[in-house]
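Welcome, and thanks for taking a look at this one with me. Here are some notes to help you find your way around.

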Amino acid sequence: MKRLYDFFIRVFTTQSSSQTHSYTYKKTKGNPFTNHDEEGNPLPPWVNFPKISPFDFFYREAGEFWMYSVWNPFWEKMGKEEQIAYLDKWDAPEIWRDWYSEEWQSFLHNDAYN
């Protein structure tokens, strides 16, 4: 429960989830539907949309279609170990790591994780 509390504190006290990545904003500018890494995988949301946190309303408006048609199918086909390796590879910000933690996902999707 403390981890969930810390997560909310970070969400409400931080402005952005952006970090420095090998893919700069200039490289990812353009169409997020066609931005892929060297293996053909979609870029993670914190790289494709560097100034948008997981709680931003963007993912319920303009970004929702991208999340459901590009990112979620890619993310959900990976196993837990692959997901952790992917987060490490792309140096996921703490807020995004917490967003994809089992505790938070079970809180959001209680029926799917029981």
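The points below go from the overall fold to a helix, the core and a pocket.

1. Before anything else, please keep in mind that this is a predicted model. The protein has seven helices and zero strands, so if you follow the chain from the N terminus, the elements read α-α-α-α-α-α-α.

2. Next, the chain as a whole. Of the 114 residues in the protein, 42% are buried. Among contacts with a separation of 6 or more, 61% are between residues 24 or more positions apart.

3. A good place to zoom in is helix α5, which spans residues 80-89. Which of its residues are buried? They are Q83, Y86 and L87. Looking down the axis of α5, you will find the buried residues within an arc of 100 degrees, so they line one face of the helix. The general background is that an α-helix has 3.6 residues a turn, so residues three or four places apart point the same way.

4. What lies over those buried residues of α5? The cover includes α3 (45-48), α4 (64-76) and α6 (94-99). Do also glance at D91, just after α5, where the model has a positive phi of about 45 degrees.

5. Now for the largest nonpolar core, which has 23 residues. The members that touch the most other members are W46, Y59, W71, W75, Y86, W96 and Y100. Helices α3, α4, α5 and α6 each supply at least two residues of this core, and α4 gives the most, with six residues. Y86 is thus a name to remember from two places: it is buried in α5, and it appears in that list of core residues.

6. Y59 deserves a closer look. Leaving aside residues up to four places away in sequence, Y59 touches P45, F49, I52, S53, P54, E64, M67 and W96. One of these partners, W96, is also listed among the core residues that touch the most other members.

7. Finally, have a look at the second largest pocket, with a volume of about 150 Å³. Its lining consists of 11 residues, and I84, L87, Y100, S101 and E102 lie nearest its centre. Helices α5 and α6 each supply at least two residues of the lining, with α5 giving the most, at four residues. How do the lining residues divide into nonpolar, polar and charged? There are four nonpolar, two polar and five charged. Two names come back here: L87, buried in α5, and Y100, listed for the core, both lie nearest the pocket's centre along with the others named above.

Methods. Residues numbered from 1 in each chain as written. Predicted model: local features only at pLDDT ≥ 70, side-chain atom pairs only at ≥ 80, totals over all residues. Heavy atoms only, no water. Buried < 20%, exposed > 50% of the residue type's maximum accessible area, 1.4 Å probe, protein only. Arc of directions from axis to C-beta. Contact = heavy atoms within 4.5 Å. Core = buried A, V, L, I, M, F, W, Y, C linked by side-chain atoms within 4.5 Å. 1 Å grid on protein atoms, 1.4 Å probe; cavity = no way out; pocket = protein on both sides within 12 Å on 5 of 7 lines; lining within 4 Å. Points joined across faces, edges and corners; volume = space filled by probe spheres on them. Nonpolar A, V, L, I, M, F, W, Y, C, P; charged D, E, K, R; others polar.
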